[in-house]
Amino acid sequence: MKDHLIRDQLKRPLRDLRISVIDRCNFRCQYCMPAEIFGPDFPFLPKSELLAYEEIERLGRVFVGLGVEKIRLTGGEPLLRRDLPVLVKMLADIPGLDDIALTTNGVLLPKLASDLKTAGLKRVNVSLDSLDDELFGQINGRNVGVGPVLKGINAAKQAGLGVKINMVVKKGLNEHEIVPMAKFCKLEGLELRFIEFMDVGSTNGWKMDDVVTKKEIYEILQNHDALEAVEPAYYGEVAKLYSYKDASARVGFIPSVSESFCSTCTRARLSANGQIFTCLFNGNGHDLRDFMRAGATDEEIKARIISIWEQRSDRYSDERTAETIATRKKIEMSYIGG
Ligand code: SAM
Ligand code: SF4
Ligand code: SF4
(Lines give C-alpha, C1' and ligand atoms only; values in the text may rest on other atoms or scores of the structure.)
(Ligands and ions follow the chains in the order given, each with its own letter.)
Protein backbone atom coordinates (compact mmCIF):
# COMPACT_ATOMS: atom_id res chain seq x y z
CA MET A 1 0.00 0.00 0.00
CA LYS A 2 1.12 3.55 -0.78
CA ASP A 3 1.95 6.27 1.67
CA HIS A 4 -1.14 8.36 2.00
CA LEU A 5 -0.20 11.94 1.72
CA ILE A 6 -3.32 13.63 2.96
CA ARG A 7 -5.85 12.94 5.69
CA ASP A 8 -9.17 14.53 6.48
CA GLN A 9 -10.46 15.86 9.82
CA LEU A 10 -11.24 12.30 10.93
CA LYS A 11 -7.77 11.07 9.85
CA ARG A 12 -9.13 9.22 6.83
CA PRO A 13 -6.72 9.02 3.88
CA LEU A 14 -7.73 9.71 0.29
CA ARG A 15 -7.45 6.35 -1.46
CA ASP A 16 -10.27 5.93 -3.96
CA LEU A 17 -11.72 8.10 -6.66
CA ARG A 18 -15.07 7.54 -8.34
CA ILE A 19 -15.44 9.36 -11.60
CA SER A 20 -18.84 9.90 -13.15
CA VAL A 21 -18.25 10.24 -16.88
CA ILE A 22 -21.84 11.07 -17.87
CA ASP A 23 -25.11 12.02 -16.16
CA ARG A 24 -27.34 10.33 -18.76
CA CYS A 25 -28.60 6.77 -18.64
CA ASN A 26 -30.48 4.31 -20.86
CA PHE A 27 -32.40 3.05 -17.78
CA ARG A 28 -34.75 4.85 -15.41
CA CYS A 29 -34.33 2.75 -12.26
CA GLN A 30 -37.02 3.84 -9.87
CA TYR A 31 -34.62 4.13 -6.91
CA CYS A 32 -32.14 6.25 -8.89
CA MET A 33 -33.59 8.17 -11.88
CA PRO A 34 -37.37 7.80 -11.66
CA ALA A 35 -38.92 8.26 -15.15
CA GLU A 36 -41.48 10.76 -13.85
CA ILE A 37 -38.65 13.12 -12.95
CA PHE A 38 -35.97 12.24 -15.49
CA GLY A 39 -38.37 12.69 -18.43
CA PRO A 40 -37.73 13.75 -22.05
CA ASP A 41 -37.31 17.40 -21.01
CA PHE A 42 -34.89 16.76 -18.18
CA PRO A 43 -31.95 19.19 -18.44
CA PHE A 44 -28.99 16.83 -18.69
CA LEU A 45 -25.56 18.39 -18.97
CA PRO A 46 -24.58 19.64 -22.43
CA LYS A 47 -21.38 18.13 -23.82
CA SER A 48 -19.39 21.32 -23.23
CA GLU A 49 -20.02 20.99 -19.48
CA LEU A 50 -18.72 17.44 -19.26
CA LEU A 51 -15.07 17.01 -18.45
CA ALA A 52 -13.12 16.10 -21.59
CA TYR A 53 -11.03 12.92 -21.43
CA GLU A 54 -7.81 14.97 -21.27
CA GLU A 55 -9.25 16.84 -18.28
CA ILE A 56 -10.27 13.63 -16.52
CA GLU A 57 -6.83 12.14 -17.10
CA ARG A 58 -5.12 15.26 -15.82
CA LEU A 59 -7.17 15.24 -12.63
CA GLY A 60 -6.61 11.48 -12.35
CA ARG A 61 -2.85 12.04 -12.37
CA VAL A 62 -3.08 14.69 -9.67
CA PHE A 63 -5.26 12.43 -7.51
CA VAL A 64 -2.91 9.48 -7.94
CA GLY A 65 -0.05 11.78 -6.95
CA LEU A 66 -1.95 12.41 -3.71
CA GLY A 67 -2.30 8.73 -2.85
CA VAL A 68 -5.30 7.49 -4.85
CA GLU A 69 -4.81 3.82 -5.79
CA LYS A 70 -8.13 2.91 -7.30
CA ILE A 71 -10.38 4.59 -9.79
CA ARG A 72 -13.91 3.47 -10.53
CA LEU A 73 -15.77 4.83 -13.56
CA THR A 74 -19.48 5.28 -13.18
CA GLY A 75 -22.37 7.52 -14.22
CA GLY A 76 -25.30 7.72 -15.20
CA GLU A 77 -24.45 4.86 -17.49
CA PRO A 78 -20.73 5.13 -18.21
CA LEU A 79 -20.88 2.96 -21.33
CA LEU A 80 -22.99 5.65 -23.01
CA ARG A 81 -19.98 7.96 -23.05
CA ARG A 82 -18.46 7.75 -26.51
CA ASP A 83 -15.12 5.93 -26.87
CA LEU A 84 -14.90 5.02 -23.20
CA PRO A 85 -12.02 2.56 -23.84
CA VAL A 86 -9.92 5.57 -24.90
CA LEU A 87 -10.37 7.08 -21.44
CA VAL A 88 -9.68 3.73 -19.75
CA LYS A 89 -6.37 3.49 -21.62
CA MET A 90 -5.41 7.04 -20.67
CA LEU A 91 -6.09 6.30 -17.00
CA ALA A 92 -4.44 2.87 -17.11
CA ASP A 93 -1.23 4.59 -18.25
CA ILE A 94 -1.04 6.72 -15.10
CA PRO A 95 1.97 5.47 -13.12
CA GLY A 96 1.04 4.42 -9.60
CA LEU A 97 -2.62 3.62 -10.27
CA ASP A 98 -3.25 0.03 -9.16
CA ASP A 99 -6.79 -0.61 -10.25
CA ILE A 100 -9.45 0.63 -12.65
CA ALA A 101 -12.99 -0.67 -12.33
CA LEU A 102 -16.37 0.23 -13.78
CA THR A 103 -19.96 0.09 -12.56
CA THR A 104 -22.53 -0.45 -15.31
CA ASN A 105 -26.02 -1.72 -16.02
CA GLY A 106 -24.31 -4.09 -18.45
CA VAL A 107 -26.48 -3.60 -21.53
CA LEU A 108 -23.65 -2.25 -23.70
CA LEU A 109 -21.01 -4.71 -22.49
CA PRO A 110 -21.38 -7.09 -25.46
CA LYS A 111 -20.22 -4.22 -27.66
CA LEU A 112 -17.51 -2.86 -25.39
CA ALA A 113 -16.17 -5.50 -22.97
CA SER A 114 -13.30 -6.69 -25.11
CA ASP A 115 -12.06 -3.15 -25.97
CA LEU A 116 -12.34 -2.14 -22.32
CA LYS A 117 -10.24 -5.10 -21.25
CA THR A 118 -7.62 -4.38 -23.91
CA ALA A 119 -7.53 -0.76 -22.74
CA GLY A 120 -6.63 -1.84 -19.19
CA LEU A 121 -9.94 -2.23 -17.34
CA LYS A 122 -9.71 -4.94 -14.70
CA ARG A 123 -13.16 -5.36 -13.22
CA VAL A 124 -16.81 -4.54 -13.72
CA ASN A 125 -19.69 -4.41 -11.30
CA VAL A 126 -22.91 -5.11 -13.16
CA SER A 127 -26.15 -3.98 -11.57
CA LEU A 128 -28.99 -6.49 -11.65
CA ASP A 129 -31.90 -6.40 -9.20
CA SER A 130 -34.03 -9.33 -10.33
CA LEU A 131 -34.03 -12.36 -12.60
CA ASP A 132 -37.70 -11.89 -13.44
CA ASP A 133 -38.14 -10.11 -16.77
CA GLU A 134 -41.34 -8.33 -15.86
CA LEU A 135 -40.15 -7.12 -12.47
CA PHE A 136 -36.73 -6.13 -13.81
CA GLY A 137 -38.44 -4.19 -16.64
CA GLN A 138 -40.51 -2.33 -14.05
CA ILE A 139 -37.50 -1.58 -11.86
CA ASN A 140 -35.37 -0.27 -14.72
CA GLY A 141 -38.27 1.84 -15.95
CA ARG A 142 -37.56 0.94 -19.59
CA ASN A 143 -39.08 -2.55 -19.80
CA VAL A 144 -35.69 -4.03 -20.58
CA GLY A 145 -35.68 -7.75 -19.74
CA VAL A 146 -32.93 -9.62 -17.96
CA GLY A 147 -31.50 -11.12 -21.20
CA PRO A 148 -29.46 -8.09 -22.34
CA VAL A 149 -27.82 -7.79 -18.92
CA LEU A 150 -26.98 -11.50 -18.80
CA LYS A 151 -25.42 -11.17 -22.25
CA GLY A 152 -23.37 -8.27 -20.93
CA ILE A 153 -22.20 -10.33 -17.94
CA ASN A 154 -21.14 -13.15 -20.25
CA ALA A 155 -19.32 -10.78 -22.57
CA ALA A 156 -17.40 -9.35 -19.62
CA LYS A 157 -16.45 -12.83 -18.40
CA GLN A 158 -15.35 -13.88 -21.85
CA ALA A 159 -13.25 -10.78 -22.22
CA GLY A 160 -11.42 -11.80 -19.03
CA LEU A 161 -12.80 -9.05 -16.80
CA GLY A 162 -13.52 -9.73 -13.13
CA VAL A 163 -17.31 -9.52 -12.63
CA LYS A 164 -19.36 -8.74 -9.53
CA ILE A 165 -23.08 -8.22 -9.38
CA ASN A 166 -24.78 -5.34 -7.50
CA MET A 167 -28.36 -5.84 -6.32
CA VAL A 168 -30.26 -3.03 -4.62
CA VAL A 169 -32.95 -4.51 -2.39
CA LYS A 170 -36.09 -2.52 -1.69
CA LYS A 171 -38.87 -3.69 0.60
CA GLY A 172 -42.02 -4.85 -1.15
CA LEU A 173 -40.26 -4.70 -4.52
CA ASN A 174 -37.62 -7.41 -4.95
CA GLU A 175 -37.00 -9.09 -1.58
CA HIS A 176 -38.35 -12.32 -3.05
CA GLU A 177 -35.50 -12.20 -5.58
CA ILE A 178 -32.78 -12.41 -2.90
CA VAL A 179 -32.61 -16.21 -2.90
CA PRO A 180 -32.97 -16.72 -6.69
CA MET A 181 -30.26 -14.11 -7.31
CA ALA A 182 -27.97 -15.72 -4.72
CA LYS A 183 -28.47 -19.18 -6.26
CA PHE A 184 -27.85 -17.89 -9.76
CA CYS A 185 -24.67 -16.03 -8.83
CA LYS A 186 -23.33 -18.97 -6.81
CA LEU A 187 -23.87 -21.27 -9.78
CA GLU A 188 -22.18 -18.81 -12.13
CA GLY A 189 -19.28 -18.22 -9.70
CA LEU A 190 -20.14 -14.51 -9.45
CA GLU A 191 -19.79 -12.44 -6.28
CA LEU A 192 -23.17 -10.89 -5.47
CA ARG A 193 -23.37 -7.68 -3.44
CA PHE A 194 -26.60 -6.74 -1.76
CA ILE A 195 -26.92 -2.97 -1.46
CA GLU A 196 -29.26 -1.41 1.06
CA PHE A 197 -31.65 1.09 -0.54
CA MET A 198 -30.20 4.51 0.27
CA ASP A 199 -31.60 8.00 0.71
CA VAL A 200 -29.40 9.52 -1.95
CA GLY A 201 -30.79 12.52 -3.79
CA SER A 202 -34.31 13.76 -3.29
CA THR A 203 -36.26 12.14 -6.11
CA ASN A 204 -36.52 8.46 -5.18
CA GLY A 205 -39.10 8.82 -2.38
CA TRP A 206 -36.84 7.00 0.11
CA LYS A 207 -38.33 5.88 3.44
CA MET A 208 -36.58 3.96 6.21
CA ASP A 209 -39.40 1.41 6.02
CA ASP A 210 -38.34 0.58 2.46
CA VAL A 211 -34.87 -0.54 3.52
CA VAL A 212 -34.24 -4.27 3.76
CA THR A 213 -31.29 -4.36 6.14
CA LYS A 214 -28.17 -6.45 5.86
CA LYS A 215 -29.33 -8.45 8.89
CA GLU A 216 -32.66 -9.26 7.25
CA ILE A 217 -31.03 -10.29 3.98
CA TYR A 218 -28.42 -12.36 5.83
CA GLU A 219 -31.14 -14.22 7.74
CA ILE A 220 -33.04 -14.99 4.53
CA LEU A 221 -29.83 -16.34 2.96
CA GLN A 222 -28.76 -18.35 5.99
CA ASN A 223 -32.06 -20.24 5.84
CA HIS A 224 -30.99 -21.53 2.43
CA ASP A 225 -27.24 -21.80 2.54
CA ALA A 226 -24.50 -21.77 5.18
CA LEU A 227 -22.31 -18.64 5.12
CA GLU A 228 -18.99 -17.88 6.79
CA ALA A 229 -17.66 -14.37 7.41
CA VAL A 230 -14.54 -13.37 5.45
CA GLU A 231 -12.04 -10.94 7.00
CA PRO A 232 -11.83 -7.57 5.20
CA ALA A 233 -8.99 -7.64 2.67
CA TYR A 234 -7.97 -4.01 3.20
CA TYR A 235 -8.69 -0.88 5.24
CA GLY A 236 -11.77 0.85 3.89
CA GLU A 237 -13.37 -2.18 2.24
CA VAL A 238 -17.04 -1.26 2.25
CA ALA A 239 -18.54 -4.66 1.52
CA LYS A 240 -19.02 -7.11 4.39
CA LEU A 241 -18.13 -10.41 2.76
CA TYR A 242 -19.19 -14.00 3.37
CA SER A 243 -18.23 -17.20 1.62
CA TYR A 244 -20.40 -20.24 1.03
CA LYS A 245 -19.20 -23.26 2.94
CA ASP A 246 -19.51 -25.47 -0.14
CA ALA A 247 -18.44 -23.18 -3.00
CA SER A 248 -15.81 -20.65 -3.92
CA ALA A 249 -18.29 -17.85 -4.70
CA ARG A 250 -18.87 -15.15 -2.12
CA VAL A 251 -21.68 -12.80 -1.18
CA GLY A 252 -21.25 -9.29 0.14
CA PHE A 253 -23.37 -6.62 1.71
CA ILE A 254 -23.13 -2.86 1.43
CA PRO A 255 -24.97 -1.95 4.62
CA SER A 256 -24.78 1.82 4.13
CA VAL A 257 -27.90 2.47 6.17
CA SER A 258 -27.96 -0.13 8.96
CA GLU A 259 -24.20 -0.49 9.65
CA SER A 260 -22.58 2.65 8.37
CA PHE A 261 -18.86 2.63 7.57
CA CYS A 262 -18.00 6.35 7.53
CA SER A 263 -15.02 5.91 9.84
CA THR A 264 -13.10 4.15 7.05
CA CYS A 265 -14.49 6.05 4.06
CA THR A 266 -11.52 6.96 1.87
CA ARG A 267 -13.44 7.95 -1.23
CA ALA A 268 -13.74 11.14 -3.24
CA ARG A 269 -16.22 11.55 -6.08
CA LEU A 270 -15.71 13.55 -9.24
CA SER A 271 -18.94 14.48 -11.03
CA ALA A 272 -19.29 14.49 -14.81
CA ASN A 273 -18.97 18.29 -14.84
CA GLY A 274 -15.84 18.34 -12.72
CA GLN A 275 -16.97 18.94 -9.17
CA ILE A 276 -15.50 17.09 -6.22
CA PHE A 277 -17.90 15.67 -3.65
CA THR A 278 -16.50 14.39 -0.38
CA CYS A 279 -19.57 12.33 0.56
CA LEU A 280 -22.41 10.66 -1.31
CA PHE A 281 -24.79 12.70 0.82
CA ASN A 282 -23.03 16.06 0.82
CA GLY A 283 -24.59 18.22 -1.88
CA ASN A 284 -21.87 20.86 -1.81
CA GLY A 285 -19.52 20.18 -4.68
CA HIS A 286 -16.17 21.90 -5.12
CA ASP A 287 -15.36 23.02 -8.64
CA LEU A 288 -12.22 21.78 -10.37
CA ARG A 289 -13.34 22.11 -14.00
CA ASP A 290 -13.63 25.90 -14.26
CA PHE A 291 -10.49 26.27 -12.16
CA MET A 292 -8.64 24.04 -14.60
CA ARG A 293 -10.17 25.76 -17.65
CA ALA A 294 -9.13 29.15 -16.25
CA GLY A 295 -5.53 28.00 -16.43
CA ALA A 296 -4.74 26.50 -13.02
CA THR A 297 -1.45 24.60 -12.90
CA ASP A 298 -1.18 21.02 -11.64
CA GLU A 299 0.33 22.37 -8.40
CA GLU A 300 -2.63 24.71 -7.91
CA ILE A 301 -5.12 21.91 -8.59
CA LYS A 302 -3.25 19.71 -6.14
CA ALA A 303 -3.36 22.42 -3.48
CA ARG A 304 -7.11 22.83 -4.00
CA ILE A 305 -7.74 19.10 -3.63
CA ILE A 306 -5.59 18.96 -0.49
CA SER A 307 -7.50 21.84 1.03
CA ILE A 308 -10.88 20.22 0.20
CA TRP A 309 -9.83 16.84 1.63
CA GLU A 310 -8.19 18.26 4.73
CA GLN A 311 -11.40 20.10 5.62
CA ARG A 312 -13.57 17.03 5.12
CA SER A 313 -15.52 15.84 8.14
CA ASP A 314 -18.50 14.08 6.45
CA ARG A 315 -20.04 11.10 8.20
CA TYR A 316 -23.62 11.32 7.01
CA SER A 317 -24.56 7.66 7.43
CA ASP A 318 -23.20 7.59 10.97
CA GLU A 319 -25.34 10.61 11.79
CA ARG A 320 -28.48 9.74 9.82
CA THR A 321 -31.61 10.86 11.70
CA ALA A 322 -35.12 11.90 10.65
CA GLU A 323 -33.86 15.48 10.76
CA THR A 324 -30.82 14.98 8.52
CA ILE A 325 -32.98 13.02 6.07
CA ALA A 326 -35.42 15.93 5.82
CA THR A 327 -32.98 18.82 5.81
CA ARG A 328 -29.72 17.84 4.09
CA LYS A 329 -29.11 19.27 0.64
CA LYS A 330 -28.33 16.14 -1.36
CA ILE A 331 -27.06 15.26 -4.76
CA GLU A 332 -28.63 12.77 -7.17
CA MET A 333 -26.94 9.38 -7.44
CA SER A 334 -26.97 9.54 -11.25
CA TYR A 335 -24.94 12.75 -11.02
CA ILE A 336 -22.11 11.46 -8.85
CA GLY A 337 -22.44 7.79 -9.57
CA GLY A 338 -22.94 5.93 -6.27
N1 SAM B 1 -25.54 2.95 -14.34
C2 SAM B 1 -24.57 2.19 -13.64
C3 SAM B 1 -25.21 1.07 -12.85
O4 SAM B 1 -26.43 1.11 -12.63
O5 SAM B 1 -24.51 0.17 -12.45
C6 SAM B 1 -23.66 3.00 -12.76
C7 SAM B 1 -24.26 4.12 -11.96
S8 SAM B 1 -25.36 3.63 -10.65
C9 SAM B 1 -25.80 5.17 -9.96
C10 SAM B 1 -24.22 2.91 -9.47
C11 SAM B 1 -24.83 1.97 -8.47
O12 SAM B 1 -25.67 2.70 -7.60
C13 SAM B 1 -25.70 0.87 -9.06
O14 SAM B 1 -25.27 -0.39 -8.60
C15 SAM B 1 -27.07 1.17 -8.53
O16 SAM B 1 -27.83 0.01 -8.34
C17 SAM B 1 -26.77 1.89 -7.24
N18 SAM B 1 -27.86 2.75 -6.75
C19 SAM B 1 -28.52 3.70 -7.44
N20 SAM B 1 -29.46 4.29 -6.65
C21 SAM B 1 -29.38 3.70 -5.43
C22 SAM B 1 -30.06 3.86 -4.19
N23 SAM B 1 -31.02 4.76 -4.03
N24 SAM B 1 -29.70 3.09 -3.15
C25 SAM B 1 -28.70 2.16 -3.29
N26 SAM B 1 -28.01 1.98 -4.41
C27 SAM B 1 -28.35 2.71 -5.49
FE1 SF4 C 1 -29.10 4.28 -14.66
FE2 SF4 C 1 -27.52 3.01 -13.02
FE3 SF4 C 1 -29.21 4.83 -12.08
FE4 SF4 C 1 -30.18 2.56 -13.03
S5 SF4 C 1 -28.84 2.80 -11.23
S6 SF4 C 1 -30.94 4.62 -13.51
S7 SF4 C 1 -28.77 2.07 -14.62
S8 SF4 C 1 -27.52 5.22 -13.39
FE1 SF4 D 1 -18.52 7.99 3.07
FE2 SF4 D 1 -20.47 9.79 3.27
FE3 SF4 D 1 -21.07 7.24 2.79
FE4 SF4 D 1 -20.16 8.01 5.21
S5 SF4 D 1 -22.08 8.60 4.25
S6 SF4 D 1 -19.50 6.19 4.03
S7 SF4 D 1 -18.72 9.62 4.61
S8 SF4 D 1 -19.92 8.59 1.44
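This briefing walks through a few annotated residues, one loop lysine and the surroundings of a ligand. The model is predicted, so please read the values below as computed from it. A good place to start is the UniProt record, an unreviewed entry, which places the feature "binding site" at Tyr31, Gly76, Ser127 and Met198.

**Annotated positions**

- Tyr31, one of the positions listed in the UniProt entry, sits in the loop that links strand E1 (16-20) to helix H1 (53-65).
- With a relative accessibility of 15%, Tyr31 counts as buried, because the cut-off for that label is under 20%.
- Leaving aside residues up to four places away in sequence, Tyr31 is in contact with Asp129, Ile139, Val168, Phe197 and Asn204.
- Gly76, also named in the UniProt entry, belongs to the loop between strand E2 (70-74) and helix H2 (84-92).
- Gly76 has a relative accessible area of 17% and is therefore buried.

**Lys207 and Phe197**

- Lys207 lies in the loop running from strand E6 (191-196) to helix H7 (214-222).
- Its relative accessible area of 46% makes Lys207 partly exposed.
- Phe197, which is among the contacts of Tyr31, has its C-alpha atom 9.1 Å from that of Lys207, and the two residues are 10 apart along the chain.

**Around ligand 3**

- The shell of ligand 3 consists of Phe261, Cys262, Cys265, Arg269, Cys279, Leu280, Phe281, Asp314, Tyr316 and Ser317.
- By class, this shell around ligand 3 has 7 nonpolar, 1 polar and 2 charged residues.

Key:
Residues are numbered from 1 along each chain as its sequence is written. Chains are lettered from A and ligands numbered from 1 in the order in which they are written. This is a predicted model: local features need pLDDT of at least 70, side-chain atom pairs count only at pLDDT 80 or more; totals for chains, interfaces and linings use all residues. Side-chain values use heavy atoms; hydrogens and water are left out. Helices (H or I, at least four residues) and strands (E, at least two) are DSSP runs, numbered from the N terminus. Buried means under 20% relative accessible area, exposed over 50%, partly exposed in between (1.4 Å probe, protein chains only). A residue is near a molecule or strand if one of its heavy atoms lies within 4 Å of it. Ala, Val, Leu, Ile, Met, Phe, Trp, Tyr, Cys and Pro count as nonpolar, Asp, Glu, Lys and Arg as charged, and the others, Gly among them, as polar. UniProt positions are given in the numbering used here, feature names are shortened, and annotations may be inferred rather than shown by experiment. Contact means heavy atoms within 4.5 Å.
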